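Here's a short tour for anyone meeting this structure for the first time. Keep the 3D view open and follow along.

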Amino acid sequence: MSNLAARVWSGVVLGAIFIAVTIAGGTPFVMFITLIAAIFWVEWTDMKMPGSDDRLQPVGILGLIALAVVILFAPPAAKTLLLLAVLALFAVAAVGLKDRRAIGGFVYAALLLTSLGLLRGDWGFEPGLAAIIFLVAVVWATDIGAYFVGRRVGGPKLAPRVSPNKTISGALGGLASAVAAALLVDALFGVSSFWAAIGLALVLSTLSQAGDLFKSWIKRRAGVKDSGRVIPGHGGVMDRVDGLVFAAIGLWFASALRAGIDQPALAFF
């Protein structure tokens, strides 16, 4: 099977699984994103901390499982404190294992799990489902728009030292595509207002592109082409969810400011 065929088929399979668990919500969704966050964590440590204590990765995976339990079962009043407690316990463990660098990577993976888990929640079809569909539509549209506009138009580079192939025209194409996708989702599900949909799309698209650049910077410093090999044709999990992580954290943070940390999707959807 060619690399392109592997890329297409793995993308279709992963997309179908993600859609299924997103519709289901609750435990299936949190279990799936916990798996994604765990692989993300392993890839981070392999790239950034080769030769670190062998106990570090299992401790991080246990910490992510603990976060998943808190997201699913903790009462709303205690959820924030329990989430912070898990992060603090991991920080203590990392210091005990003499590798403080692990704290940043674990927080990165933990925010992926927490933001997506709390945005989706167990709300049935709305508003949690609408929040995730809006988020994913904006991120995917950003990637597609940036790729095709960048290849078609070209022009000045966006960040040549970090990612030589990305152009300013591609970034603008990504923003425009994100707005179009947001308005389509808004027509289907409804956001708090027309302008809120556009504003969220612009912010999330910008964050998604920043996440992509951040991942490229990490890989360049680590001297690797791909973050891993777990996804045929794509590389690692970090290669696929880099933009989604930043955008998910941004949407969760903005929503939590309006509606509370434990039920953020109620803010806009």
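## Arginine 101 and its partner

Start with arginine 101, which forms a salt bridge with aspartate 99. In this predicted model, their closest N and O atoms sit 3.0 Å apart. Is aspartate 99 buried or exposed? Aspartate 99 is buried, because its relative accessible area is 9% and the cut-off for buried is under 20%.

## The other salt bridge

How many salt bridges does a search of the whole structure find? The answer is two. Besides the pair you've just seen, the side chains of lysine 166 and aspartate 212 meet in a salt bridge, with 2.7 Å from N to O. Lysine 166 belongs to strand 2 (residues 163-167) and aspartate 212 to helix 8 (residues 194-222), so this pair ties together parts that are 46 residues apart in sequence.

Now check how open these two residues are. Lysine 166 is partly exposed, at 24% relative accessible area, while aspartate 212 counts as buried, at 17%.

## Helix 5, end to end

Back to arginine 101 for a moment: helix 5 covers residues 101-120. Its 20 residues reach 30 Å from the first C-alpha to the last, which is close to the 28 Å expected at 1.5 Å a residue.

So how many of the 20 residues of helix 5 are buried? It's 15 of them, so helix 5 is largely enclosed by the rest of the structure. Step just past helix 5 and you'll land on glycine 121, which takes a positive phi of about 55°.

Definitions and conventions
Residues are numbered from 1 along each chain as its sequence is written. This is a predicted model: local features need pLDDT of at least 70, side-chain atom pairs count only at pLDDT 80 or more; totals for chains, interfaces and linings use all residues. Side-chain values use heavy atoms; hydrogens and water are left out. A salt bridge is a side-chain nitrogen of Lys or Arg within 4 Å of a carboxyl oxygen of Asp or Glu. Buried means under 20% relative accessible area, exposed over 50%, partly exposed in between (1.4 Å probe, protein chains only). Helices (H or I, at least four residues) and strands (E, at least two) are DSSP runs, numbered from the N terminus. The expected span of a helix is 1.5 Å times one less than its number of residues.
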